[in-house]
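Okay, thanks for squeezing me in. I'll put the sequence and the structure up, and then we'll walk through them together.

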Amino acid sequence: MERRPGPGSGFREVDLRAEPSQAKPSRGTEAPGQTEMRMGRAPLKRSRILHMALTGASDPSTEAEANEEKPFLLRALQIALVVSLYWVTSISMVFLNKYLLDSPSLQLDTPIFVTFYQCLVTTLLCKGLSALAACCPGAVDFPSLRLDLRVARSVLPLSVVFISMITFNNLCLKYVGVAFYNVGRSLTTVFNVLLSYLLLKQTTSLYALLTCGIIIGGFWLGVDQEEAEGTLSWPGTVFGVLASLCVSLNAIYTKKVLPAVDGSIWRLTFYNNVNACVLFLPLLMLLGELQALRDFAQLGSAHFWGMMTLGGLFGFAIGYVTGLQIKFTSPLTHNVSGTAKACAQTVLAVLYYEEAKSFLWWTSNMMVLGGSSAYTWVRGWEMKKIPEEPSPKEGEKSAMGV
């Protein structure tokens, strides 16, 4: 999962391999009066602002100045703390959601309600932080939020994809083990490449395609080994593939919808979760989960509602710490950190649930993680080459000896 401060409740991982940089940038024009800015910095074009919003980054010139002022040890300590915070939040969120979705002690078969409640918690947190920022502008930095039905309608197509993404994510986690969860949702990178070609007409290099082949091979080997061990859940595997597809679609639709919320990820998070709460209500009735809740033995338990609320808090926090990790490192480093975190999460799950896995099962995990890391490295290497290629005018000048 995905997971940049992705729009939504954030209780699934946001996968940055969706590569916002692949989208064709819109031609932004500077507003009048912006040609002279404080500290003599040149104004940013709208396409650059959109890219910064997607990646969670801020003005690179500001980042460079801030990094130069900080001592190396301080920056190293900050990075270590931020990466640790991301790992703890993400891994804790997955294990907690597994408990809520498929715990023998709870015996609660209402995955849609669990997802709905976490979206509701995220909505309330966004609104609360917005109100707090209005009361204490110097202490809390959060955009003002006001529900506009026209904006909500504009965000609705993305919200449908968002609801599908988080629902399939949770259904995958419900039916498969935490150890197999990353392999089950590993095809996001493959769908990124496929949809980039089908929808954006963007081609992919041979090296990147080879890494996708490694990921697909690891996925099929993992499915084969789960079946050999008798632990394969076909519904969970299908839900994982659908979740991967929706993560890629979510990234594409996010780029289209962001201008409707002034490029603010937090505003998009708010509207996405408001729409999700409304759209989940008929699903709860149609699927009979409201009746299952009425028959639930622990419905009045403070422990149950505390764990549910904690799940919502983790879901909100993962979006923040994802953006924080990108800010203090880079999108490329974030992807590497996410891959390493997935490896640690798999090992922890095997140890915690006392599972015995074969050598080929571990090989499938290494193929998926290795292929994902290789894809991230290849794309980063290719993006670095782009500025070095001269434009036609520069080539003409070089030929003329100017």
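So, let me start with a question: does Asp-148 count as buried or exposed? Asp-148 counts as buried, because its relative accessibility is 15%. The cut-offs I'm using are under 20% relative accessible area for buried, over 50% for exposed, and partly exposed in between, with a 1.4 Å probe and protein chains only.

Before going on, some housekeeping. This is a predicted model, where local features need pLDDT of at least 70 and side-chain atom pairs count only at pLDDT 80 or more, while totals for chains, interfaces and linings use all residues. Residues are numbered from 1 along each chain as its sequence is written, and side-chain values use heavy atoms, with hydrogens and water left out.

Now the overview. The protein has 15 helices and 0 strands; helices are DSSP runs of H or I with at least four residues, strands are runs of E with at least two, and the numbering goes from the N terminus. It has 402 residues, and buried ones make up 48% of them. The exposed area is about 20100 Å², with 66% of it supplied by carbon and sulfur atoms; that's Shrake-Rupley with a 1.4 Å probe, and for residues only the protein chains shown count as cover.

Back to Asp-148, then. Its side chain meets that of Arg-150 in a salt bridge, 3.7 Å from N to O. For a salt bridge I ask for a side-chain nitrogen of Lys or Arg within 4 Å of a carboxyl oxygen of Asp or Glu. Arg-150 is exposed, because its relative accessible area is 61%, so this bridge has a buried acid and an exposed base.

How many salt bridges does that rule give? The count is 7. One of them joins Glu-229 and Lys-357, with the closest N and O atoms 3.5 Å apart. That pair links distant parts of the chain: Glu-229 is in the loop between α8 and α9 (234-257), Lys-357 is in the loop between α13 (331-352) and α14, and they're 128 residues apart. Glu-229 is partly exposed at 27% relative accessible area, whereas Lys-357 is buried at 18%.

Another bridge, at 2.4 Å from N to O, is between Glu-382 and Arg-379. These two are 3 residues apart in helix α14, so about one helical turn separates them. Glu-382 and Arg-379 are both buried. As for networks, Glu-226, Glu-229, Glu-355 and Lys-357 are joined into one by salt bridges that share partners.

Next up, the nonpolar side. In soluble globular proteins, nonpolar side chains tend to be buried together. Here the largest nonpolar core has 55 residues, and the members touching the most others are Cys-119, Phe-162, Phe-280 and Met-308. Apart from it lies another core of 19 residues, including Val-140 and Leu-158. A core, for me, is a set of buried Ala, Val, Leu, Ile, Met, Phe, Trp, Tyr and Cys residues joined through side-chain atoms within 4.5 Å.

Aromatics: there are 18 aromatic pairs. The rings of Phe, Tyr and Trp (its six-membered ring) pair if their centres lie within 6.5 Å, and planes under 30 degrees apart are stacked, over 60 edge-to-face, the rest tilted. Phe-113 and Trp-305 make an edge-to-face pair, 6.1 Å centre to centre with 85° between the planes. Phe-113 sits in helix α4 (residues 111-135) and Trp-305 in helix α12 (residues 302-328), 192 residues apart. Phe-113 is buried at 8% relative accessibility, while Trp-305 is partly exposed at 27%. Both belong to one aromatic cluster with Phe-116, Tyr-117, Phe-296 and Phe-304.

And on the surface? Leu-206, Tyr-207, Leu-210, Trp-377 and Trp-381 form a nonpolar patch with about 620 Å² of accessible area together. Patch residues have over 30% relative accessible area and no salt bridge, with nonpolar side chains (Val, Leu, Ile, Met, Phe, Trp, Tyr) joined within 5 Å and like charges within 9 Å. α8 (206-228) and α14 (359-385) each give two or more residues, and α8 has the largest share, 3 residues. Tyr-207, in helix α8, is exposed at 52%.

Last bit, cysteines. With sulfur pairs required to be within 2.5 Å, I get 0 disulfides. Cys-135, for one, has its nearest cysteine sulfur, that of Cys-136, 5.9 Å away. Cys-135 is exposed at 63%, and Cys-172 is buried at 1%. That's me, thanks.
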